[in-house]
Amino acid sequence: MARAKGFRRIAGVDEAGRGPWAGPVVASAVVLRHSRLPVRIDDSKRLSAVQRAKAFACILESADVGIGVVAAEEIDRHRILRATLLAMEQAVADLPEPPDLVLVDGMISPQLMIPSWPIVHGDQRSYVISCASIVAKVFRDRLMAFYHELDPRYRFHRHKGYGTARHAAALQVFGPSLFHRVSFRPVRKVADGLAPAV
């Protein structure tokens, strides 16, 4: 549809990490050089970790990729929706060449100087958005593994900052780290000493 309207350099954009208690929100913008890749491409949540890793490597070899990262401190400052849109803006700006059109997963597009179309469930309906979802997910997961190396108390490499029982227990013992989103209610309750994380 987009190519029928004359667009040639089309970027897919998606994010990973809106819901976790810790870590950044990461967005990826992907412009494919080929219409299809020799690996399975799908919404990142539908792929195994091994499938995502293979797809991630293939995408990096076969596409222009931009990344946007908004850290926990900025999420606390801007709130998660604005932080997500900011990460998407950064990802598009990080592409080596600007696209003609941006296809965005979700109901809202970031503020860009080029046309952008939001697509609900775009990570399941658009091939290039699926690619972006894979890149964002793998990049963020690896970043959380790096954060685990910096501060192993919370085992970020296991839960990637999401609100698991083990994560809640670690929060109770150690309190929030520099990587935690204090504006998120479960973390804020622990930080304020009001109640356990739930």
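**Notebook: K160, D141, strand β1, the whole chain, R155 and P176**

**Entry 1. K160**
I started with K160, which sits in the loop that links α6 to α7 (165–174). I note here that the model is predicted. I looked up the backbone of K160 and found a positive phi of about 60°, although K160 is not a glycine. Is K160 buried or exposed? Its relative accessible area is 18%, and the cut-off for buried is under 20%, so K160 counts as buried.

**Entry 2. D141, a contact of K160**
I went next to D141, because K160 is one of its contacts once neighbours within four places in sequence are left aside; R52 is the other residue listed. I placed D141 in helix α5, which covers residues 127–150. The relative accessibility of D141 is 13%, so D141 is also counted as buried.

**Entry 3. R155**
I then checked R155, in the loop between α5 and α6 (156–159). R155 has a positive phi near 60° and is a residue other than glycine. I read a relative accessible area of 35% for R155, which makes it partly exposed. I set this beside K160, which is buried at 18%.

**Entry 4. Strand β1**
I asked how many residues of strand β1 (residues 10–16) are buried. The count is 7 of the 7, so the strand is largely enclosed by the rest of the structure. I sorted the side chains by direction: I10, G12, D14 and A16 point one way, while A11, V13 and E15 point the other way. Both sets are buried, and they include the acidic residues D14 and E15.

Which strands does β1 pair with? I found 4 bridges to strand β4 (residues 101–105), in the parallel sense. In that pairing A11 stands opposite V102 of β4. I also found 6 bridges between β1 and strand β2 (residues 25–32), and these two run antiparallel. Within β2, A29 is the bridge partner of V13.

**Entry 5. The whole chain**
I counted 8 helices and 5 strands in the protein chain. Their order along the sequence is β-β-α-β-α-α-β-β-α-α-α-α-α. The radius of gyration is 17 Å, close to the 16 Å that the globule rule gives for 198 residues, so the chain is as compact as a globular protein of that length. I noted the span of the C-alpha trace along its principal axes as about 55 × 35 × 25 Å.

Of the 198 residues, 53% count as buried. I looked up the contacts with a separation of 6 or more, and 63% of these are between residues 24 or more positions apart. The chain exposes about 10,000 Å², with 55% of that supplied by carbon and sulfur atoms. For charge I recorded 28 positive and 19 negative side chains, with the centres of the two sets 6 Å apart.

**Entry 6. P176**
I closed with P176, which I found in the loop between α7 and α8 (185–191). P176 counts as partly exposed because its relative accessibility is 28%. Which residues does P176 touch, apart from neighbours within four places in sequence? I listed Y154, L171, V187, V190 and A191. I also took one distance: P176 and C131 lie 33 Å apart, C-alpha to C-alpha, with their positions 45 residues apart in sequence.

How values were computed. Residues are numbered from 1 along each chain as its sequence is written. This is a predicted model: local features need pLDDT of at least 70, side-chain atom pairs count only at pLDDT 80 or more; totals for chains, interfaces and linings use all residues. Side-chain values use heavy atoms; hydrogens and water are left out. Buried means under 20% relative accessible area, exposed over 50%, partly exposed in between (1.4 Å probe, protein chains only). Contact means heavy atoms within 4.5 Å. Two strands pair if DSSP finds at least two bridges between them. The radius of gyration is taken over C-alpha atoms; the globule rule is 2.2 Å times the number of residues to the power 0.38. Accessible areas come from the Shrake-Rupley method with a 1.4 Å probe; for residues, only the protein chains shown count as cover. Lys and Arg count as positive and Asp and Glu as negative; His and the chain ends are not counted. The place of a charge is taken as NZ of Lys, CZ of Arg, CG of Asp or CD of Glu.
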